[in-house]
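Here is a brief report on selected side-chain contacts and one helix. The sequence and model come first.

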Amino acid sequence: MPQPERTAAFVRAGRYLLPLEPFPADKGGGKNLADAIKSLDKDLTLPPGVADVLGHLTVRRGFMVLSRQFKGLVLEVELDDPVQAVIRLAIGKANKTWSFEGEVFLARRAEKPPLIFTLSIHTESQSKWLVMALDGEVNLVDDLFIPMFGDKVSVPKGFSVAVKNPVLVMVKTKQTKNGNPNTKALVSVNLGMDVDFAELPFVGEAIKSQEAAKMTLGVQYASGPFLRDEIAAINSVLSKELQLTAPEGEPFSGLLLSAAIQVTGESYPMSFPLGGGENKAKATSHPNGTLELGGSDQKEKQTKTIKWFKLNRSIGPAYLERVGAGYWDDEVQFRVSANVQVSTLTFSVEGLGGSLPLKLPSQPSFNLDGLGLSLAADPVSISGALLRSSTASGADQYDGMALIKAADFTITGLGSYTTIGKDPSFFIFAVLHKDLGGPAFFHVTGLAAGFGFNRALKLPPIDEVQNFPLVRGAFDETYFAGSKNPVQTALTKLRDYIPSSPGGYWFALGVRFSSFEMIESFVLLAFSFGKEVAISVLGLSRLSIPKGAKKPVAYAELQLKAELNLTTGTLKVEGRLSENSFILDGKCRLAGGFAFYTWFSGSHDGDFVVTIGGYHPRFLKPDHYPVVPRVAIDWPISAELRATGELYFALTPSCLMAGGKLAAVFKSGGLKAWFDAYADFLLQWQPFYYEADVGVNLGVSYTFKIFGCRTTLKVELSADLSLWGPPFAGRAHITWFIISFTVKFGHQERKKPDPLTWAQFEETLLPTNPSLITLRVSAGLISQGTVDGADWPVVNAHQLVLTTSSVAPATTIKLNGTDKYTPENDLDANGIQRKYGVQPMDVRELTSNYDVVLSRLDGGAYTKENVFSKVVRQGVPTAMWGPDKPKEGPSSDVIAGAQTGLSFTIKGADPTHELLPVDLKKLAYEDLGKDINWRPDLKAPEPIEAHGSHTLMNTIEIGGSEARRQAILDALQAATPAVRLNTIDLRLLSKTADRVYQASPRMACLGQPLEKKR
């Protein structure tokens, strides 16, 4: 470090003013500080801390000071390590007692004056360190770290803050090879930033009414490792705000962020490395002796880690379990784990904490992710939680769960709330676990219910029904609440199944029941509407025989899934045995499933499939058919013997198939024996075709070594039979040891059946009238009525839809003799014209005309403007109406979207005007509140004499009443020519008024209730 210049600024710096000219002669004589002190007075010795840290330094000048502040000798030394500084040690004597004090100078940039630390020296103390304090405000990085330590300290990117009154501590370490000691330095500063725990959400109210609790932040840097004993000794002379602590008891070293937690009058210090992405300061010497800070190109790699400190302290009703802190995103992050006890209720917090930017003035921000609730008051216990999180779009999401448990029932509830734009999106689902009773075959043990708003309900695959959260939670009371974070656990399981979906709504009802105490079942019925309209059923049944046994003889879990989707026009029913199913032995596993799919609209309209265990090996399964595993058994009876078996059955619009397989294998050492039997049957509709394959195989083999060579002897007997037709034919193949032969019968070429004639096709494959062509009311039907002895439907004309269709596709559709739809209009989704044929007749091109006549009952023509027609499209089996040759293997394809008829919709007449709603209050009357000067010639009205006992009946048509009414109507019609008034005819009312009006009129102001009849 360059020597301070003799400038007025430097001369006036510090407490001990130097004379301007001339400098006194050097009093040190080239001696080190310790020797120079002894040369002044043989009884004078340096204090331990000064001697250890500064005693070996050479005195570069000495001078006498005579001022009001100090009178005595000042010796000046220069320190190069661990910091570069000029130190002035002042020695004075009063009443034969020597005193020591001093100042430490650190140069800064040229435009700034040097930093001056005041040395704290106690002659009676035996401490081995020097403590120095700076009075004033400086920049932590530019004014302290860079001038003191240069590029030795790595500062996080963006870290820079003004601090007040930092403390510098220097301690001598072991001797070096040249006999001089190494010195290590430590800087500690209180940032002047506090986090008041009384401002914490929820917990703060409980703390505010009790003693103060806060966390004070500081920064510390050590140029070398400080051991535990050294830290404890240094803390004895530091204030509470500057207490040091090493992370996890390790040596104190490097750049640390300290937090002094002050609770109930006690201070709990903690610290952790202030790391992350490093902005390593590069110090360079400036010609005038200052230091400059260089930048860094290193990328930020901050890790989001919280350092926790266990408190376990109570503050009134609040209990602080632990406090944590960390540093990332250029802010100090703090977390608090706490709870509040109110009588028997305990509230816990989730994600309580916040952040504090390292700049002045500093204002912390607080955060609370959720609350937990627990109540333990026998015989009822309640627990719950509400958590806040963020969705992918950045919106806040609140997830909650509640568990109410009593002696004889348990209720579990789940819910989630967020927003989509400005619209809410939420769902609630609850399960009641309680024995509600019932008959032995349907003994109810629980109920479930839920609904979703702007949420979709997605069903799991059939083999995942047993793990679907809404089903699993109904069987297992602890499924949602049995983890450390039950809300997160439950909602994580449901997130993929109940996502936010604008315009989606659903509600669900479920029941859990037992049958004869052997079968436990849960069935959930769900209705989804909005974007799609669907009715779904999920279920799970568990069978255990005998009931209650720890090791049952048989156990089965059947998963059920059914969905009716009115939007896509599909009905899907599936069942699947879970992998937990077995019979006779836990190793004898059962598997398999069934499915029923049908399509009543869309591209596969008219198709269906029923299958148990899958399909025939040669069946060409369409992509939209479900994949169903074989109904199978797998039983490893012992280490040597294993038995397997499987079955299947399927029915499609084109064919019927069934089959199975049974096998057993025995293997012990070189001996192996086996048995296989199989059967596969396939039956195709007209043109009628069938095939069957059955077979059995028996064998035994033995493998041994002879003369070092492995040899296998094998004996096998197998028989396979294949049948097909018509005409009936087949072959049998026999294999025994080295003998093999085949027996054939019938025509060996699997010839396709001859095409049907029209008469055969019509008789066997087409339904008879009226099923061939149907006419039905598709919408608007109210009831069935009878007119003149004939059945007629009673319909709502505004909703009426008539549909007429045929089982055969139509190439041309005519309405009242006019082409409505022609082959050129019959295009598929790819814009290609549909082609039809009759496969059973081997007709490659079909021309089918569909004529519809629509007329009025009185024989007149209908009004086209008020009747709209639309083509009816549905799928038809390719096996019947396909234009191409049948595929080599059996299949179940359909021609999607074939035109098969017309539907008619009635359009109502549009009104010629619109009458806006009128508020009844505007039509009411009220008193004017002033006198009216009536004309003196006006007389009070006289009552009309009654005409007979039935006044109303006799006055409706009496003497010109009808003419006067018509005159009023004519005047109204003339005033409103755009509105056509109805004709009024009261002749029928005049004859039946005594039956229509059975009480005297009652009157009241518009909008007011009628007075009760006395």
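## Charges over rings

The charged end of K184 sits over the ring of F226, at 4.6 Å from its centre. Here a charge counts as over a ring if NZ of Lys or CZ of Arg is within 6 Å of the ring centre and within 35 degrees of the ring normal. R542 does likewise with F475: it lies over the ring face, 4.3 Å from the ring centre.

This is a predicted model, in which local features need pLDDT of at least 70, side-chain atom pairs count only at pLDDT 80 or more, and totals for chains, interfaces and linings use all residues. Residues are numbered from 1 along each chain as its sequence is written, and side-chain values use heavy atoms, with hydrogens and water left out.

## Aromatic pairs

The whole structure holds 20 aromatic pairs. Rings of Phe, Tyr and Trp (its six-membered ring) pair if their centres lie within 6.5 Å; planes under 30 degrees apart are stacked, over 60 edge-to-face, and the rest tilted. Two pairs share F426 and are listed below.

| Pair | Centre to centre | Angle between planes | Type |
|---|---|---|---|
| Y417 and F426 | 6.4 Å | 25 degrees | stacked |
| F426 and F451 | 5.9 Å | 90 degrees | edge-to-face |

F426 lies in strand β28 (residues 423-437) and F451 in strand β29 (residues 443-455), so their pair ties together parts 25 residues apart in sequence. Strands (E, at least two residues) and helices (H or I, at least four) are DSSP runs, numbered from the N terminus.

How covered are these rings? Y417 is partly exposed at 36% relative accessibility, F426 at 22% and F451 at 37%. Buried means under 20% relative accessible area, exposed over 50%, and partly exposed in between (1.4 Å probe, protein chains only). Y417, F426 and F451 belong to one aromatic cluster, together with F453, Y505, F507, F527 and F529.

## Helix α4

Helix α4 spans residues 140-149, and 9 of its 10 residues are buried. Among them are L140, L144, F145 and F149, along with the charged-type residue D143. At the N-terminal end, N139 acts as a cap: a side-chain oxygen lies 3.0 Å from the backbone nitrogen of V141. Such a polar contact is a pair of N or O atoms within 3.5 Å; within protein, one must be able to donate a hydrogen and the other to accept it, and residues adjacent in sequence count only if both atoms are side-chain atoms. Just after α4, G150 takes a positive phi of about 60 degrees.

## Cysteines

The structure has 0 disulfides, a disulfide being a pair of cysteine sulfur atoms within 2.5 Å. C655 is buried at 1% relative accessible area, whereas C709 is partly exposed at 46%.
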